[in-house]
Amino acid sequence: MNAFFNSEGGKIYFGIEDNRYVSGLTLSSKHRDEIRIRVDDLIRHFVEQPPLRLYKVDFIKVLDRNTMGHITDTYVVVVACKQKDNVAFYQNARREVWMRLDGSCVKMKPEQIRDLTEQTIKQQLAR
């Protein structure tokens, strides 16, 4: 998922075989809720947490080939990720601030955050 956030975005499909056969996953309402919660939890542990608006979990009902009716509680799970905004600073759940630097992330020290904040305020006041 992180690769999609850092590129043009993309989708991950669960319930589709490598040969493109749609098998689906049998999921109750409770299972679907658990999947949403686990995806949210996974993303909360990213060093650079993307905004909630940049990902979405969808459940697409699977159709029976013969009857063209929906197969009860059978879904393809789609996790869609959009490209992240080009923002260079991030704060994680532990309130640590990180700066993106040439494809890597560097944890910022309190004095670096203070200096950067002062510099930004001075630039805004000068406008």
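A salt bridge is counted where a side-chain nitrogen of Lys or Arg lies within 4 Å of a carboxyl oxygen of Asp or Glu. The close-up views below all come from a predicted model.

**View 1. Arg32, a buried residue without a salt bridge.** Arg32 is found in helix H2, which covers residues 29-44. The nearest side chain of opposite charge belongs to Asp73 and is 4.2 Å away; because a salt bridge needs the nitrogen and the carboxyl oxygen to be within 4 Å, Arg32 is left without one although Arg32 is buried. Apart from residues up to four places away in sequence, Arg32 touches Leu27, Phe59, Asp73 and Tyr75, and two of these residues, Phe59 and Tyr75, return in the next view as a pair of rings.

**View 2. The aromatic pair of Phe59 and Tyr75.** The count of aromatic pairs comes to one. The ring centres of Phe59 and Tyr75 are 6.3 Å apart and the ring planes stand at 85 degrees, so the pair is described as edge-to-face. Phe59 lies in strand S3 (residues 55-63) and Tyr75 in strand S4 (residues 70-81), so the pair ties together parts that are 16 residues apart in sequence. Both Phe59 and Tyr75 are buried.

**View 3. Salt bridges at Asp33 and at Lys56.** Side chains of opposite charge can pair when their charged atoms come close, and the count of salt bridges in this model comes to six. One of them joins Asp33 and Arg36, whose closest N and O atoms are 3.5 Å apart. These two residues are three places apart in helix H2, which means that about one helical turn separates Asp33 from Arg36. Asp33 is partly exposed, with a relative accessibility of 40%, and Arg36 also counts as partly exposed, with a value of 35%. In another salt bridge, the side chains of Lys56 and Asp58 meet at 3.8 Å, N to O. Lys56 has a relative accessible area of 48% and is partly exposed, as is Asp58, for which the value is 30%.

**View 4. Glu96 and Lys107 in a network of salt bridges.** The side chains of Glu96 and Lys107 form a salt bridge with an N to O distance of 3.1 Å. Glu96 lies in the loop between strand S5 (89-91) and strand S6 (97-101), while Lys107 belongs to strand S7 (residues 104-107), so the pair ties together parts that are 11 residues apart in sequence. Glu96 counts as buried at 17% relative accessibility, whereas Lys107 is partly exposed at 44%. Together with Arg94, Glu96 and Lys107 are linked in a network of salt bridges.

**View 5. A nonpolar patch on the surface.** The patch is formed by Tyr13, Ile16 and Val22, which together have about 250 Å² of accessible area. Val22 has its place in the loop between strand S1 (10-14) and strand S2 (25-26), and Val22 is partly exposed, with a relative accessible area of 38%.

**View 6. Thr74 and the residues around it.** Thr74 is found in strand S4 and counts as buried, with a relative accessibility of 8%. When neighbours within four places in sequence are left aside, Thr74 is in contact with Ser23, Gly24, Leu25 and Thr26, and also with Ile60, Lys61 and Val62.

**View 7. Two loop residues, Gly9 and His45, and residues distant from them in sequence.** Gly9 is found in the loop between helix H1 (2-5) and strand S1, and at 18% relative accessibility Gly9 counts as buried. Apart from its neighbours within four places in sequence, Gly9 is in contact with Phe4, Cys81, Lys82 and Gln83. Gly9 and Leu54 are 45 residues apart along the chain, and their C-alpha atoms are separated by 9.0 Å. His45 lies in the loop between helix H2 and strand S3 and counts as exposed, with a relative accessibility of 62%. The C-alpha atoms of His45 and Asn92 are separated by 7.7 Å, while the two residues are 47 residues apart along the chain.

Methods
Residues are numbered from 1 along each chain as its sequence is written. This is a predicted model: local features need pLDDT of at least 70, side-chain atom pairs count only at pLDDT 80 or more; totals for chains, interfaces and linings use all residues. Side-chain values use heavy atoms; hydrogens and water are left out. Helices (H or I, at least four residues) and strands (E, at least two) are DSSP runs, numbered from the N terminus. Buried means under 20% relative accessible area, exposed over 50%, partly exposed in between (1.4 Å probe, protein chains only). Lys and Arg count as positive and Asp and Glu as negative; His and the chain ends are not counted. Contact means heavy atoms within 4.5 Å. Patches are made of residues with over 30% relative accessible area and no salt bridge: like charges are joined within 9 Å, nonpolar side chains (Val, Leu, Ile, Met, Phe, Trp, Tyr) within 5 Å. Accessible areas come from the Shrake-Rupley method with a 1.4 Å probe; for residues, only the protein chains shown count as cover. Rings of Phe, Tyr and Trp (its six-membered ring) pair if their centres lie within 6.5 Å; planes under 30 degrees apart count as stacked, over 60 as edge-to-face and the rest as tilted.
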